[in-house]
Amino acid sequence: MTAVTATDLAPAPGLSGRLLAPVRDGLAVCGRNLIALRRVPRLLIFSTVQPVVFVLLFRYVFGGVVGAALHGVSYVDYLMPGVFVQVVVFGAVNTAIGLATDLQTGLMERFRSLPMARSAVLSGRTAADLVRNVFVVALISGVGFLVGFRVHSNVWGFLAGALLVVAFGFAMSWVFAVVGLAVGDPETATAAAFPVLAPLVFASSAFVPTSTMPGWLQVFANHQPVTITANAVRALMLGTPVGSQVWQALAWDVGIVAAFAPLGVWLYRRAV
């Protein structure tokens, strides 16, 4: 006699089931990462301390000097859209550290043995970081309003700018997912992130106008994604002409995810 298992009797999943399975698996991993934030709230608290320090530092220490280069715009109003972008870029490092930690502790091998989509580990991690970014942007908005930041467009302009920030943070999470999988341990991931963070954040229009930079640096600063996104968010929140800046920022988001998501999945397969 031939033994018949439950698997043999189970009907093959339909097309909709096969298409929805990666989404379902990704949401499960996302929930697992969010539960970790709830159980270890220190991770969320310390990730919000740094941006608050940046707001206070640039607002009250450098604001007087930098504000002199602006014409007709309060420096705090110029600063806050850049801080929003800086917050999600720095927060994306958590993706690299988290994935590297999972690799080091052997959790990835456990995921690999489960009947789940290969992309779920990465999509779940980046989705959890997206949820965390929503909370952090909301918190920093409150801090900004307390130190004098004002929206000069309308509530829809502010919300559109916030959504653009969150979308950029999601894209950057894929960049640092690749970094975390490539290096394989959290200490190295932290060190490897800085060469990516420094030129993107500080050689941009996040904190100062690019016109104050040397000409050779302006070539890079004016065309990199942090500047494009910060300028788009600034235009939406301050009510200045938007032009094609929003579309350029969205094009960067799509391009980054299209380039780094497949690379991240490939590195994940190699790592485990």
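These legends go with a set of close-up views of one predicted model.

**View 1. The whole chain is an all-helix affair, with 12 helices and 0 strands.**
Walk along the sequence and the pattern reads α-α-α-α-α-α-α-α-α-α-α-α. The protein chain has 272 residues, and 46% of them are buried. How much of the contact network reaches far along the sequence? Take the contacts between residues at least 6 apart, and 79% of them join residues at least 24 apart.

**View 2. Here is the largest nonpolar core, a set of 53 residues.**
The residues with the most contacts inside this core are Phe84, Val89, Ile140, Phe168, Met172, Phe176 and Phe207. Two or more residues apiece come from helix H3 (41-67), H4, H5, helix H7 (120-146), helix H8 (155-183), helix H9 (186-202), H11 and helix H12 (245-271). Which element gives the most? That would be H4, with 12 residues. Set apart from this core is another one, of 18 residues, with Phe111, Met116, Leu267 and Tyr268 among them. As a backdrop to this view, nonpolar side chains in soluble globular proteins tend to be buried together.

**View 3. Helix H4 (residues 75-91) meets helix H5 (residues 93-105) with their axes 4 Å apart.**
The two helices pack at an angle of about 10°, so H4 counts as roughly parallel to H5. On the H4 side, Val89, Phe90 and Gly91 make the contact, and on the H5 side it's Val93, Asn94 and Thr95. Sorted by class, the contact has 3 nonpolar residues, 3 polar ones and no charged ones.

**View 4. Zoom in on Phe176, one of the residues with the most contacts inside the largest nonpolar core.**
Skipping its neighbours within four places in sequence, Phe176 is in contact with Val89, Ala92, Val93, Thr95, Ala96, Ala193, Val196 and Leu197. Two of those names, Val89 and Val93, also turn up in the contact of H4 with H5, and so does Thr95, the subject of the next view.

**View 5. Thr95 lies in helix H5.**
Is Thr95 buried or exposed? Its relative accessibility is 0%, so Thr95 counts as buried. Beyond residues up to four places away in sequence, Thr95 touches Arg125, Thr126, Asp129, Ser173, Phe176 and Ala177. Look for Val175 as well: Thr95 and Val175 sit 80 residues apart in sequence, yet their C-alpha atoms are 9.0 Å apart in space.

**View 6. Leu164 has its place in helix H8.**
With a relative accessibility of 6%, Leu164 counts as buried. Its contacts, leaving out neighbours within four places in sequence, are Thr229, Ala232, Val233, Leu236, Ala249, Leu250 and Asp253. How far is Leu164 from Thr229 in sequence and in space? The two are 65 residues apart in sequence and 7.5 Å apart in space, going C-alpha to C-alpha.

**View 7. Gln224 sits in the loop between helix H10 (215-221) and helix H11 (225-238).**
Although Gln224 is a loop residue, it counts as buried because its relative accessibility is 2%. A polar atom of the Gln224 side chain lies 2.7 Å from the backbone oxygen of Leu200. Leu200 is also one of the residues that Gln224 touches, along with Pro199, Ala203, Ser204 and Trp252, if residues up to four places away in sequence are not counted.

**View 8. Thr210 is in the loop between H9 and H10.**
Where does Thr210 stand on burial, buried or exposed? At 11% relative accessibility, Thr210 counts as buried. Setting aside residues up to four places away in sequence, Thr210 touches Ser204, Ser205, Gln218, Ala221, Asn222 and Thr227. Ser204 is a link back to the previous view, being among the residues that Gln224 touches.

Definitions and conventions. Residues numbered from 1 in each chain as written. Predicted model: local features only at pLDDT ≥ 70, side-chain atom pairs only at ≥ 80, totals over all residues. Heavy atoms only, no water. Buried < 20%, exposed > 50% of the residue type's maximum accessible area, 1.4 Å probe, protein only. Polar contact = N/O pair within 3.5 Å; in protein donor to acceptor, adjacent residues only side chain to side chain. Contact = heavy atoms within 4.5 Å. Axes fitted to C-alpha atoms, helices over the stretch in contact; angles between N-to-C directions. Parallel < 35°, antiparallel > 145°, perpendicular 65-115°, else oblique. Nonpolar A, V, L, I, M, F, W, Y, C, P; charged D, E, K, R; others polar. Core = buried A, V, L, I, M, F, W, Y, C linked by side-chain atoms within 4.5 Å.
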